[in-house]
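Trainee: Could we go through this model together? I'd like to hear how each label is earned.

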Amino acid sequence: MLTLMLCFSLLCGFGPVCVIRRAAGVRPGVMSLASCVSDGVFLCSCLLDLLPDYLTHARETFSRLGLTLHFPLAEFIVSMGFLLVFVSEQMMLAFRDPTGYESQSRDSPSHSHRLSGADGSVSLEQVGLRVLLLVFCLCVCALVEGLSAGSQPDPELIPQICVTLFLRQGILAFSLSVRMSHYGLRLAVASGCLFLLSLSCPVGIGIGMGMVGMNPSAPGQLVRCAVEGLASGIFIYVSIAGLLWQEPASPKHRIHKVTFLLTGFALVTAVLFCKV
């Protein structure tokens with residue numbers, strides 16, 4: 001089953017790499033609409049899956065450890081993940097352009113290192129950072145889902161849970177492939193990211209099955225909460241940032257883009273509903 005999950009995720013990821021890029025060469029609007037679907041998928045995965053699961057797990061962990069908090073620590077960790085990326089991007093831009101002025105000429109050399117966005121331009125450094133963070137968040141989310149599935153006390157429930165994970169991992173792999181194709185990343189980089197994402201969930205399930213009956217240490221539980229919280233905050237920033245500067249920059253086909261974004265949101269919502 002783990003092998004099938006790995007192969008299905010790779011198929012959903014590598015299929016669009018060739019198909020969508022070839023279609024985009026004929027009709028550029030195809031890539032734009034496909035990117036809107038991926039934006040909806042990531043937004044729903046963040047707001048309805050990763051974030052609620054993290055908050056629930058954090059409260060349960062604090063309760064098991066006997067910690068009584070009068071400060072919203074779980075929410076604070078999420079905020080730190082969000083602010084960490086925001087501050088890092090702003091510092092990177094400040095050091096790259098200390099004068100505070102971007103080049104006014106579209107034909108200048110610096111323009112070749114920028115992509116169009118909601119504010120007029122977005123540096124390739126920002127694109128690389130956001131893709132790296134997006135892959136990190138998706139891998140953390142998949143690994144946590146795998147740990148939760150593999151650590152089920154009743155082994156008969158694992159196949160049923162894995163069916164939902166099949167669909168979820170396939171949708172995420174497809175969306176990541178679309179996002180990387182839209183950014184124009186090299187095939188080697190895209191392949192490495194897709195392999196990491198595809199391996200995360202099966203590895204998590206394997207680790208979870210091996211840890212059945214074991215009592216994790218208190219420091220280990222706290223570290224897991226911290227990593228999940230930071231990943232949730234980073235995922236929120238990357239998802240919202242993609243919505244703000246990527247697609248709305250173009251005034252064409254706004255209604256179509258909103259429709260495709262809602263389609264991606266509805267796909268993940270349906271999968272989460274099946275999990276319930």
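Mentor: Gladly! Let's begin with what a helix is here: a DSSP run of H or I with at least four residues, numbered from the N terminus. Keep in mind that the model is predicted.

Trainee: How many helices and strands does the protein have, and in what order do the elements run?

Mentor: The protein has eight helices and two strands. Starting at the N terminus, the order is α-α-α-β-β-α-α-α-α-α.

Trainee: What makes Arg 224 and Glu 228 about one helical turn apart?

Mentor: Both lie in helix 7, which spans residues 218–245, and they are four residues apart, so about one helical turn separates them.

Trainee: And why is the pairing of Arg 224 with Glu 228 called a salt bridge?

Mentor: The closest N and O atoms of Arg 224 and Glu 228 are 2.9 Å apart. The cut-off is 4 Å between a side-chain nitrogen of Lys or Arg and a carboxyl oxygen of Asp or Glu, so the pair qualifies. By this rule the protein has four salt bridges.

Trainee: Are Arg 224 and Glu 228 buried or exposed?

Mentor: They fall in separate classes. Glu 228 has a relative accessible area of 3%, and buried means under 20%, so Glu 228 is buried. Arg 224, at 27%, is partly exposed, because that class runs between 20% and 50%.

Trainee: What makes the salt bridge of Asp 39 with Arg 179 a link between parts apart in sequence?

Mentor: Asp 39 sits in helix 2 (residues 28–64) and Arg 179 in helix 5, so the pair ties together parts 140 residues apart in sequence. Their N-to-O distance is 2.2 Å, which is within the 4 Å limit.

Trainee: How do you know whether Asp 39 and Arg 179 are buried or exposed?

Mentor: Compare each value with the 20% cut-off. Asp 39 has 2% relative accessibility and therefore counts as buried. Arg 179, at 3%, is buried too.

Trainee: What does Ser 38 touch, beyond its neighbours in sequence?

Mentor: Leaving aside residues within four places in sequence, Ser 38 is in contact with Ser 175, Val 178 and Arg 179. Ser 38 belongs to helix 2 and is buried, with a relative accessible area of 1%. Its C-alpha lies 8.6 Å from that of Phe 265, although the two are 227 residues apart in sequence.

Trainee: Now the helix pair. Why is helix 5 called roughly antiparallel to helix 6?

Mentor: The axes of helix 5 (residues 157–183) and helix 6 (residues 187–210) come within 10 Å and cross at roughly 165 degrees. Angles over 145 degrees count as roughly antiparallel, so helix 5 is roughly antiparallel to helix 6. The crossing is right-handed.

Trainee: Which residues make the contact, and how do they divide into nonpolar, polar and charged?

Mentor: Helix 5 contributes residues including Leu 165, Leu 172 and Met 180, while helix 6 contributes residues including Leu 194, Leu 197 and Ile 205. The contact residues divide into 14 nonpolar, two polar and no charged.

Trainee: Finally, what share of the protein is buried?

Mentor: Of the 276 residues, 44% are buried.

Conventions:
Residues numbered from 1 in each chain as written. Predicted model: local features only at pLDDT ≥ 70, side-chain atom pairs only at ≥ 80, totals over all residues. Heavy atoms only, no water. Axes fitted to C-alpha atoms, helices over the stretch in contact; angles between N-to-C directions. Parallel < 35°, antiparallel > 145°, perpendicular 65-115°, else oblique. Left-handed = near helix turned anticlockwise from the far one by under 90°. Contact = heavy atoms within 4.5 Å. Nonpolar A, V, L, I, M, F, W, Y, C, P; charged D, E, K, R; others polar. Buried < 20%, exposed > 50% of the residue type's maximum accessible area, 1.4 Å probe, protein only.
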